[in-house]
Amino acid sequence: MKSLAELEAIRKATISKINVRKENEAETVRVVVGMATCGIAAGARPVMLSFMDEISKRQLNHVTVSQTGCIGMCRLEPMVDVIVPGHEKVTYVHVKPEMVPRIVAEHIVNGRPVDEYTIGAAE
Amino acid sequence: MDIYRAHVLVCGGTGCSSSGSATLIDRFNEKIAENHLDKEVKVIRTGCFGLCEAGPVVIVYPDGTFYSRVKPEDVDEIVTEHLLKGRKVEHLVYVDHATRQQDAEKKLEDITFYKHQHRIALRNCGVIDPENIDEYLAMDGYRALEKALTQMTREEVIDEILKSGLRGRGGGGFPTGLKWKFTYQSQADQKYVACNADEGDPGAFMDRSILEGDPHAIIEAMAIAGYAIGASQGYIYVRAEYPIAVKRLSIAIDQAREYGLLGKNIFETGFDFDLNIRLGAGAFVCGEETALMHSIEGKRGEPTARPPFPAVKGLFGKPTMLNNVETYANVAQIILHGADWYASMGTEKSKGTKVFALGGKINNTGLVEIPMGTPLRTIIYDIGGGCPNGKKFKAVQTGGPSGGCLPESLLDTPVDYDNLIAAGSMMGSGGMIVMDEDNCMVDIARFYLDFIVDESCGKCAPCRIGTKRMKEILDRIVEGKGEEGDIEKLEQLAQTIKNTALCGLGQTAPNPVLSTLKFFRDEYEAHIKEKRCPAHHCRSLLQYKIDPAKCKGCTACARICPAEAISGTVKQPHVIDVQKCLKCGSCMEKCRFGAISRV
Ligand SMILES: Cc1cc2nc3c(=O)[nH]c(=O)nc-3n(C[C@H](O)[C@H](O)[C@H](O)COP(=O)(O)O)c2cc1C
Ligand code: SF4
Ligand code: SF4
Ligand code: SF4
Ligand code: FES
């Protein structure tokens, strides 16, 4: 037997779990990790896992993590795109797991991209 | 919290299960573990996506990539390419029937098949895991029950359903709110709600898919109905031939009990409600309401005369409210979003949406849900993709054995209860079978009548004997032994049966014959007077012929003929001996020169 409050808590927790199945959601922030062979070799998997970790720790219901194949700039891998609806896509390069908490906290939560990690700073 | 970055949704509906989706699920889990993705990627078995034709169907989120006709060996590629490396497997992506393209970026709702649909009853089918109550809760599940119990009076609930304009989806189209009101008004120490999931129409699988894909929607709606009319017990009558539906429903009922959504004192409001499943005996007539109730009581599933109506005297002699599965599937949404929202969809007298099972000679066989008022043409061409192999459309059958066949000229009819009846067919429960130029309409009528003759319970003479007489006449006609006056005899019998049969089965049984007589009378006449089947379908009335001008004497036909009916010498025109010919059609298929035809 569950109380109304307990049911509500189950709803909330489950919504974050099934959020990835929503399409074209205007509020969804997308994190796209370059994961082709070059990306994986360059350590993209630990980066992606750190993103997932950070997002579930903070219970960010509106963020999905997906991957993409090779973008053709292997020397900059691992690369990560963060796409906030209504804003330009921001591309981070040479991403390491240690950098992920800052990207999540400053960019995804507070809306300020971490300029020093971006493709602009690297070029 | 276990958040997964990707979800692989594999259809576990009956269609896809029979094309091997269970194997796919095992293979996905195996390959995902092998590639150490099991903490990141989750596999979910859902209900039917509707596009059963393209099954087994797999969707990968968050990309929303729609893979169709996935074979076990394709799974490895999806895992290592898409899930591991993020590269969509283009060659497995669904081919849109309208654009003929595989577009991996296309979202589900932009696929032509889904674009014209509006999913209310099917809203969770193919979206959630039907065996997980939490996912149903996350889709606002049981919020309508909460709202009804804690914020609405019983009268307000009934009023909302009345105002929504919802009508019974089981075939009759009776206003659902009125039925609730009548049962509410009956005075008794005990009342019941019941759900009709007998679904016996040939070709129909709407109700099955809802139960398989979203069983909690039915449980929630029945609890709301129980509250409204004052019943503490409900029965769901399901066909025993629907094992997946029965299993998911049982799981859902257990979960709802565990969460206190069924049982005593729900939401501490003092309202008690519980549900039981009863397995159907498998006869079509058991879907008729009085027969269904007798069957639940453990008696023979035979209809009895009404009145008394179930609202007054139903199950175990108590007031009972019976609704169809799809009818219930709309209830929670109406309570949640309001009657006005629901009534804003549809036509003047038919509100909301209707689910159809598209079948027969159509490209996209499957399940579709459209707003009432959508023209038949949109359903058949835009959603269904028209007839396969460039064949010409001839007719569409709605309403199953109680319905009728509508011709091309009526394709612009907006689909609703009244329009379909005015056109000479009926809504029925939602089977929609498309026929092309190769279908003989006399034989179609005979098919439905044959079904009726098999399913008649035999209790009353007009149905038991009358339908058999009609069937004998049709048998004669398709065998080329039709006589002058047969059409008139059919019409007379049809009228008598309609007027005197005891239950709906008999009363509507002549409809397929009457509607084909109305729109395709020339086909009947050709069979009777000219001993000719215009569709070249009826075997007794057709002959295979070789056109000597086209025949090159290649001997291919003679070699394949199982009856050795074809003779001729090499490079000379061949001939078919009509006495020996079995009319198997092999020779016609074999001839590369188009020299053989059916006449
Ligand atoms: C021969 C016969 C078979 C029927 N089969 C079904 C059926 O399979 N499912 C169904 O919901 N209604 C069936 N009906 C209609 C039911 O009698 C009843 O009208 C319906 O279940 C009421 O629910 P509704 O008002 O929600 O449509 C059948 C009726 C007849 C006469
Ligand atoms: S009409 Fe047919 S099915 Fe209905 S009671 Fe009579 S014999 Fe039985
Ligand atoms: S297959 Fe066609 S062309 Fe060849 S012998 Fe038969 S009818 Fe003639
Ligand atoms: S229809 Fe069949 S049996 Fe008849 S001639 Fe052709 S192959 Fe032989
Ligand atoms: S059963 Fe899978 S799409 Fe219908």
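**Exercise 1: backbone geometry in loops of chain B**

B:Pro62 has its place in the loop between β3 and β4 (65-67) of chain B; determine whether the peptide bond from B:Tyr61 to B:Pro62 is cis or trans, and then treat B:Pro56, B:Glu268 and B:Asn389 by way of their loops.

*Conventions.* Residues are numbered from 1 along each chain as its sequence is written, while chains are lettered from A and ligands numbered from 1 in the order in which they are written. The model is predicted, so that local features need pLDDT of at least 70 and side-chain atom pairs count only at pLDDT 80 or more, whereas totals for chains, interfaces and linings use all residues, and side-chain values use heavy atoms, with hydrogens and water left out.

*Solution.*
1. The bond from B:Tyr61 to B:Pro62 is cis, with omega near 10°.
2. B:Pro56 belongs to the loop between β2 (41-46) and β3 (58-61) of chain B, and a cis peptide bond with omega of about -5° joins B:Gly55 to B:Pro56. Strands here are DSSP runs of E with at least two residues and helices are runs of H or I with at least four, numbered from the N terminus.
3. B:Glu268, a residue other than glycine, has a positive phi near 55° and is placed in the loop between β7 (263-266) and β8 (271-280) of chain B. With a relative accessible area of 66%, B:Glu268 is exposed; exposed means over 50%, buried under 20% and partly exposed in between, for a 1.4 Å probe and protein chains only.
4. B:Asn389 is not a glycine either, yet has a positive phi of about 60°, and this residue lies in the loop between α15 and β12 of chain B. Its relative accessibility of 74% makes B:Asn389 count as exposed.

**Exercise 2: helix α15 of chain B**

Which residues of helix α15 (residues 376-383) of chain B are buried, and what covers them?

*Solution.*
1. The buried residues are B:Leu376, B:Thr378, B:Ile379, B:Ile380 and B:Ile383.
2. Their cover includes α4, β10 (353-360), β11 (366-371), β12 (393-398), β13 (404-407) and β14 (431-436) of chain B. Contact is taken as heavy atoms within 4.5 Å.
3. Just after the helix, B:Gly385 takes a positive phi of about 80°.

**Exercise 3: pockets and a cavity**

How many residues line the largest pocket, which domains of chain B give residues to the lining of the second largest, and which residues lie nearest the centre of the largest cavity?

*Solution.*
1. On a 1 Å grid over the protein atoms alone, a cavity is a set of points where a 1.4 Å probe fits but cannot get out, a pocket is an open set with protein on both sides within 12 Å along at least five of seven lines, and lining residues have an atom within 4 Å of a point.
2. The largest pocket, of about 1200 Å³, is lined by 46 residues, with B:Gly170, B:Gly172, B:Gly287, B:Glu288 and B:Glu289 nearest its centre. Volumes are the space filled by probe spheres set on grid points, which are joined across faces, edges and corners.
3. The largest share of this lining, five residues, is supplied by β9(B), and by class the lining of the largest pocket has 16 nonpolar, 21 polar and nine charged residues. Ala, Val, Leu, Ile, Met, Phe, Trp, Tyr, Cys and Pro count as nonpolar, Asp, Glu, Lys and Arg as charged, and the others, Gly among them, as polar.
4. The second largest pocket holds about 890 Å³, and of its 30 lining residues the closest to the centre are B:Arg119, B:Arg123, B:Asn124, B:Val127 and B:Met139.
5. Domain 1 (6-107) and domain 2 (133-343) of chain B both give residues to the lining of the second largest pocket, so it lies between them; the domain bounds come from an automatic or database assignment.
6. The largest cavity, of about 110 Å³, has 14 lining residues, of which A:Val20, A:Ile55, A:Val63, A:Thr64 and B:Ile3 lie nearest its centre. In chain A, α3 (44-57) and β2 (63-68) each supply at least two residues of that lining.
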